[in-house]
Amino acid sequence: MTSAAVLTSAGSGTRLGLDVPKGLVELAGETLVVRAARGLADAACLSSVVVTVPAATLDAFTAQFPGGVVPGRAVPVRVVPGGTTRQASVAAGLAALDDDVDVVLVHDAARCLTPPALTAAVEAAVRSGRRAVVPALPVTDTVKHVGPRGDQEPDGAEPVLATVDRGDLRAVQTPQGFDRALLDAAHRAGAHRGAAEGSAVSDDAGLVEALGEPVWVVPGDERALKITTPRDLAVAEVLLRERSLR
Ligand SMILES: Nc1ccn([C@@H]2O[C@H](COP(=O)(O)OP(=O)(O)OP(=O)(O)O)[C@@H](O)[C@H]2O)c(=O)n1
Ligand SMILES: C[C@](O)(CO)[C@H](O)COP(=O)(O)O
């Protein structure tokens, strides 16, 4: 049995605001999707990677992986069309995994600077018997629960309902690791939610939680940031420069 990854890259990158899907955006001369796939390969625990991409740009993404492998690495890559939500894209990726895969890591191409050691730690935690594992960081801001914005508030202000105890909060990253049978069951049970953004889960662990199965948090890493906005891309460039100076 082996471990494999589903690398989600089927989003459009609307908030990044460029004229190509986010996975094809370059960071220091290399696309986010290739950087993310190489990071997974360098964890040295994965036998293959399934990349989910926008159907309209299947060829452009496939061309990122000449010979059907992660560039410079021997890890095989399969590029498949994703869905209209991240949840649906992951489901499409799971359907394309080889039969001998028993541990799955689900990763965002948008988190392309994730250190290989984090991927290896998540995979090892699943192999050690924890069937659903997410990396996460403590929340550092004070967090407020707000009520509905009153139409009568001309400045759009929202009323505060409560201050949440941040000591119990974690900001969750990827890769998230799962026993494959559990993740398949969770996606089957939650499939009806995946068609629309309003009902879809924002991470795979959410589907496992909905089954009532335990999910475990392990320490995340600041370098696993999600590139969402132009500012995030600029931060990623700084992180890369820092890395090359070391
Ligand atoms: N239908 C979708 C939507 C998102 N994703 C992937 O899920 C990850 C997290 O999504 P996000 O960062 O929000 O990316 P986008 O959906 O591309 O961003 P935006 O909402 O700004 O369009 C990304 O790697 C993205 O490609 C996906 O595979 N399929
Ligand atoms: C899966 C994820 O990266 C964990 O933080 C996140 O939930 C993805 O959310 P998005 O709204 O699709 O960016």
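Student: What radius of gyration does the protein chain have, and what would a compact globule have?

Tutor: The general idea is to set the chain against a rule for its length. A compact globule with 246 residues would have a radius of gyration near 18 Å. In this predicted model, the protein chain has 18 Å, so the two agree. The C-alpha trace spans about 60 × 40 × 40 Å along its principal axes.

Student: How many helices and strands does the protein chain have?

Tutor: Count seven helices and twelve strands. As for burial, 40% of the 246 residues count as buried.

Student: What share of the contacts in the protein chain joins residues at least 24 apart?

Tutor: For this you set aside neighbours in sequence and look at residues at least 6 apart. Among those contacts, 73% join residues at least 24 apart.

Student: Where is confidence lowest, and where is it highest?

Tutor: Start with the whole chain, then go element by element. The protein chain averages a pLDDT of 96, with 99% of the residues at 70 or above. Helix 7, residues 230–245, has the lowest confidence, at a mean of 90. Strand 11, residues 176–179, has the highest, at 99. For the model as a whole, the scores are ipTM 0.98 and pTM 0.96.

Student: Let's take one helix. How far does helix 4 reach from its first C-alpha to its last?

Tutor: You can check a helix by its span against its residue count. Helix 4 runs over residues 116–127, twelve residues in total. Its reach is 16 Å, close to the 16 Å expected at 1.5 Å a residue. Just after helix 4 comes G129, with a positive phi near 120°.

Student: Which residues of helix 4 are buried, and what covers them?

Tutor: The buried ones are L118, T119, A121, V122, E123 and V126. Their cover includes helix 1 (32–41) and several strands, among them strand 1 (2–8), strand 6 (101–108) and strand 7 (132–138). Strand 11 is also part of that cover, and you met strand 11 above as the element with the highest confidence.

Student: Now the ligands. Which residues surround ligand 2?

Tutor: List the shell, then sort it by character. Around ligand 2 you find R86, D108, V172, Q173, T174, S202, D203 and K226. That shell splits into four charged, three polar and one nonpolar.

Student: And which residues come nearest to ligand 1?

Tutor: Ligand 1 has 22 residues around it, and T8, G11, T14, R15 and S89 come nearest. Its shell holds 14 polar, five charged and three nonpolar residues.

Definitions and conventions:
Residues are numbered from 1 along each chain as its sequence is written. Chains are lettered from A and ligands numbered from 1 in the order in which they are written. This is a predicted model: local features need pLDDT of at least 70, side-chain atom pairs count only at pLDDT 80 or more; totals for chains, interfaces and linings use all residues. A residue is near a molecule or strand if its C-beta atom, placed from the backbone, lies within 6 Å of it. Ala, Val, Leu, Ile, Met, Phe, Trp, Tyr, Cys and Pro count as nonpolar, Asp, Glu, Lys and Arg as charged, and the others, Gly among them, as polar. pLDDT is the predictor's confidence in each residue, from 0 to 100. Helices (H or I, at least four residues) and strands (E, at least two) are DSSP runs, numbered from the N terminus. The expected span of a helix is 1.5 Å times one less than its number of residues. A residue is buried if 20 or more other C-beta atoms lie within 10 Å of its own, exposed if 12 or fewer, and partly exposed in between; C-beta atoms are placed from the backbone. Two residues are in contact if their C-beta atoms, placed from the backbone, lie within 7 Å. The radius of gyration is taken over C-alpha atoms; the globule rule is 2.2 Å times the number of residues to the power 0.38.
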